[in-house]
Amino acid sequence: AWSGPVHGFLYMCYLVTTALLGTSVRWRPGRMVLIALAGTIPLMSFVAERSVTREVRSRKSGER
């Protein structure tokens, strides 16, 4: 009974985090939507997170 609301709250946190990260690294809206949709497929958010982490780290190291 409690897992549904908790799951929904965590997904909302995931969406907000995706939007904040996407705007800070200037992704196109389509990219943000794809990352947000990755959270709807079981375990796909972990695959997307690995890809995004690699991309953002390489961008940050290139700025220095």
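Start by selecting Arg26, which is exposed, with a relative accessible area of 75%. This is a predicted model, and in it Arg26 sits in the loop between H1 and H2, where its backbone takes a positive phi of about 60° although the residue is not a glycine.

From that loop, widen the selection to the helices on either side, taking residues 3-24 for H1 and residues 29-38 for H2. Two packed helices are described by the angle between their axes and the distance between the axes. Here the axes of H1 and H2 come within 10 Å and cross at roughly 155°, which makes H1 roughly antiparallel to H2. If you turn the view so that one helix lies in front of the other, the crossing to look for is right-handed.

Stay with H1 for the next stop and select Val6, which is found in that helix and, at 38% relative accessibility, counts as partly exposed. Add Trp2, Phe9 and Leu10 to the selection and show the surface, since together with Val6 these residues make a nonpolar surface patch of about 490 Å².

Now move to the charged side chains. Side chains of opposite charge can pair when their charged atoms come close, and the structure holds 2 salt bridges. For one of them, select Arg31 and Glu55, whose closest N and O atoms are 2.5 Å apart. Arg31 lies in helix H2 and Glu55 in helix H3 (residues 44-63), so this pair ties together parts that are 24 residues apart in sequence. Arg31 itself is partly exposed, with a relative accessible area of 30%.

Keep Glu55 selected and add Arg59, because the side chains of these two residues also meet in a salt bridge, with 3.3 Å from N to O. Glu55 and Arg59 are 4 residues apart in helix H3, and are therefore separated by about one helical turn. Arg59 is partly exposed as well, with a relative accessible area of 37%. With Arg31, Glu55 and Arg59 displayed together, you have a network of salt bridges that links the three residues.

For the last stop, select Leu43, which is placed in the loop between H2 and H3. Is Leu43 buried or exposed? At 63% relative accessibility, Leu43 counts as exposed, since the cut-off for that class is over 50%. Its backbone has a positive phi of about 70°, although Leu43 is not a glycine.

Definitions and conventions
Residues are numbered from 1 along each chain as its sequence is written. This is a predicted model: local features need pLDDT of at least 70, side-chain atom pairs count only at pLDDT 80 or more; totals for chains, interfaces and linings use all residues. Side-chain values use heavy atoms; hydrogens and water are left out. Patches are made of residues with over 30% relative accessible area and no salt bridge: like charges are joined within 9 Å, nonpolar side chains (Val, Leu, Ile, Met, Phe, Trp, Tyr) within 5 Å. Accessible areas come from the Shrake-Rupley method with a 1.4 Å probe; for residues, only the protein chains shown count as cover. A salt bridge is a side-chain nitrogen of Lys or Arg within 4 Å of a carboxyl oxygen of Asp or Glu. Helices (H or I, at least four residues) and strands (E, at least two) are DSSP runs, numbered from the N terminus. Buried means under 20% relative accessible area, exposed over 50%, partly exposed in between (1.4 Å probe, protein chains only). Axes are lines fitted to C-alpha atoms, for helices over the stretch in contact, and angles run from 0 to 180 degrees between N-to-C directions. Angles under 35 degrees count as roughly parallel, over 145 as roughly antiparallel, 65 to 115 as roughly perpendicular and the rest as oblique. A crossing is left-handed if the near helix is turned anticlockwise from the far one by less than a right angle, and right-handed if clockwise.
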